[in-house]
Each structure stands twice: as structure tokens, then as C-alpha cells.
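Here's a friendly walk through this one. Take a look at the model first, and then we'll go through a sheet and a few helices together.

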Amino acid sequence: MAEIVGGGIPVNDAERRVIAHLRDHAPADWLLLHNVEVPRGHDLFEVDLIVLTGHSVVVVDVKGTRGRIEVSGARWFPPRSGAYGSPVTKLRGTARALKGLLVDRHRRLERVYVDSLVVLTSPDATLVDRDGRDAVNVTDLPGLIRTLADTTRVKRGCSPDAKPYLTEVLDALNQSVRRSTAPPRFGNWEVEEQLGGDAKVTEYRAFNATLPGSETVLLRVYQADPMADQEARASERQRIANAYQSLARIPPHPCVVRSRDFFAIDDESRFVLVLDDVHGQALHLRLGEGVRMGVIQDMLRGLAHAHANGVIHRALTPASVLVTDEGHAVLTGFDYAKPGARNYTVAHELGNVLDYHYVAAECQERPDRMTPAADVYAAGVIAYQLLTGELPTGPDAHGPDVPDVVRQMLDHTPAKRPTAAESLASLEGLRRQSRLRRLFRRVVS
């Protein structure tokens, strides 16, 4: 039975299960610290668990996500919600921050290995990580103690025996970390679950604290540097506010995610974007499944609506389209959108986030030249991929299920591409013709 040496209040049942499991089944000489905050510079890292084993200090993140979770690059794609930043990537950063705190307190703690581990608590949770980048830092509840006890995880240069350093480790933790006294709360929104994120933004599912049990929302909490000079802070604020400003220009539409609020907290060290919690899965998970034409039409409806209101998406991929449980598509991911003319730009950051499979030829070298026609090209790639299961090889790409309008959307010349509205009208016309042919065949038969 491991000893709990301190901690705050667990946020959810998944965390309680992991804490209880370690308390009741881990070796007696292990120490647990749960629900704490690790400061590093101007950042604050929320940590579900810190486990002191006989050979390492392990930072643990608990995820109650259900079902099959696909890993693609630095994002996770769960079956019932939108994609989010890999919690493994963020946790590795937290582990580095904690190691820095330990070494700052006691130089000889350089020899102590600080590991990171994400625990999936749902019995039906399965991680599909074809590249193997995240899987080594992920386990399930039955395998948790075995993984924590694995001394082969200690990296070269660190001691395989942490016991001689235990006093200094506890002293450093006592001096550095602080207990989290309640679930994180942003304004009136109380966190129900942390989804994922990276050093710049963390995503949460939250509910209205005034009305417990009410519908949930998605929070995107952006980190900022309150100590930067005035010009740098203004630039950072503009970048962070870009998604809200873009969505604010778009009137409500069933095929575009709705923004509810945007506000700063503390000393503007963090900004919060409140979005509808669209219950569905990223279109990325539907590739090659023979998605209905209605999903492609919904994507074009959302895109046409955004364009009609002066907003260019600029980063359209299958990861930024959600498919609801009812089979409708909703556009998300407006962080790098262009909401009409303005005196600043975030286009210089596009090169770091774009998936160039979905970038039109005229923008490959100059992402800042994105136009509505470039959005249409990206939508054409997605449509082709959904219909055939493959990426197109060019505008002449063909297949038995690819309508002519999709090939036109892939034209190398922007002026020859139809608009999103024209593409939608063509597909709707094809759908009506198909229904009439089926009706005619039934009548004849």
C-alpha cells in the first residue's frame, strides 16, 4: 500500500480510481502526491499525480477517454469529440519543468530520472499509435503499476536507484509545488475534464458552475506572457484572439462551430475562448469509410457561409471538421483564419501548422496568400479523400465515385476553381438527379 503524502481535490472519478488503485496496490515504499500545480517561469502546469518509485519520479496524467483513440502527429482523435493536442507531448514538457525545479533546488538531483505517463482508465480505451511516438508513455489501469515499476524506462545517465535522493526530492517538491484546492475554474466555467494541448494552449471540457449538470462547453485556454513589453503583449493578444474575432464575424450556422465568449484571466497570463462542445468525431477518423455525400455538402455549406461573411479558414483539414452523432459536419479550427481586412496578420505562423497535402499550389511557398479559392482546394482534397480513401495526385485525378466538380475544385489555377457555394450547388444538383434516377427505376420496375 503506497503512502499519499499530500495533494488537492481530485477533479473526476477517473482520477479517484487511479489514486485509489495506487494507494491500495502499489509497493509500500512508493509515495504519491496528487492534484498539484508545478510553477515554471510564468507558466503553471496542472499535474494529476506525482509518483515517487524506487527508481524515478513520475508525472502522471489521467484520461477517462473512451473507445478507440487514433494518434496522428501531435494530435489525438477520440471517437466522440474533436481532436486535441497530444497529452503525452504536454506531459513530457511538464516532466522537463519538474526536473528543472528539482535540479534548481539540489544540483545532485540531476541524477534522478523524471518520467511521464498517461493513464487511460476506461476499460474500452484503445490507443492506435502507428508511429509509436506516444504509446511508450501511455498505459491502462491494469498495467499502471507494472509500467511504473519498470526500471528499464530510466534513461542513460540517470541513477536506477532513486532512494538515496528521496529526502532532497521531497524537500524540492515541498518548496516548489503547491496543492490544487479545487477543480480548475475559468470565469464561471468549472473544468470537468482536461482534454489535451501543448505549451501554448490547453483544451478542457467544462460546465457552468452556477448550473451543475447543464450542457458542457469546450474551453481553449491560451498561455500568454504578462511580463513582455507592451508591443509584444499586444501582438500576442491579437494572435490569441484571432479565432474569436473570426467566429464573431460569422452569424450562427449549423455547419460552423459557435463561439460563446472570450476573456482574459489573472494578469492576462491566460486567455479563454469558450466554444460549443460539438459531440462528434473528427473527420480524420472517417477517411476511407465511404462517408455520405451529405458530410461533404455540410463542409461546403459551412465554408460558403464563412466566405460569404468575409472569413477565410486557411487551415482546413479533416482534423478541423467534426462529424456529429447525427452525421452532420461542423467546421472548427479557426485559430489561423483571416476575418477580412485588418492592420495585422497571423499568417506568418501558418508555415508551422499547415498540412501541405491540403495547401493549394499557389500557396505552398506563400501561405500568406491564402484566398477563398485556397479553402476550396483544401475542401476538394478532403472530398476526394473521403470518396476514394486516397489523396489526389493532381487535378486530373479520377475515380468512379469522384464528381467532376471535385476535380474542378482541385484545379491548379485558382480562377478556374468554383466557389464553395458553386461547388455545393453542383453536388446538390447531382444528388437530386441521383434521387430522381432511383425513383424512376422503382417506378419502371
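Before we start, one bit of vocabulary: two residues are in contact when they have heavy atoms within 4.5 Å of each other. Keep in mind, too, that this is a predicted model.

Let's begin with two helices. Helix 6 (residues 293–308) packs with helix 8 (residues 372–388) at an angle of about 170°, and their axes lie 10 Å apart. Angles over 145 degrees count as roughly antiparallel, so that is how helix 6 stands to helix 8. On the helix 6 side, the contact uses M293, I296, M299, L300, L303 and H307, and these meet helix 8 residues including P372, D375, V376 and A379. Sorted by class, this contact has 12 nonpolar residues, one polar and one charged.

Another helix pair crosses in its own way. Helix 2 (residues 87–105) and helix 4 (residues 166–176) pack at about 110°, with axes 9 Å apart, which makes helix 2 roughly perpendicular to helix 4. Here L98, L101, L102 and R105 of helix 2 touch V169, A172, L173, Q175 and S176 of helix 4. Six of the contact residues are nonpolar, two polar and one charged.

Now for the sheet. It is open, with six antiparallel-paired strands in the order 12-13-14-15-17-16. Strand 12 (185–186) and strand 16 (259–265) sit at the edges with a single partner strand each, so one side of each has no neighbour in the sheet. Helix 5 (residues 230–248) packs on this sheet, touching strands 15, 16 and 17. Strand 16 pairs with strand 17 (residues 270–276) over six bridges, and F262 stands opposite L273 in strand 17.

Methods. Residues are numbered from 1 along each chain as its sequence is written. This is a predicted model: local features need pLDDT of at least 70, side-chain atom pairs count only at pLDDT 80 or more; totals for chains, interfaces and linings use all residues. Side-chain values use heavy atoms; hydrogens and water are left out. Two strands pair if DSSP finds at least two bridges between them. Helices (H or I, at least four residues) and strands (E, at least two) are DSSP runs, numbered from the N terminus. Axes are lines fitted to C-alpha atoms, for helices over the stretch in contact, and angles run from 0 to 180 degrees between N-to-C directions. Angles under 35 degrees count as roughly parallel, over 145 as roughly antiparallel, 65 to 115 as roughly perpendicular and the rest as oblique. Ala, Val, Leu, Ile, Met, Phe, Trp, Tyr, Cys and Pro count as nonpolar, Asp, Glu, Lys and Arg as charged, and the others, Gly among them, as polar.
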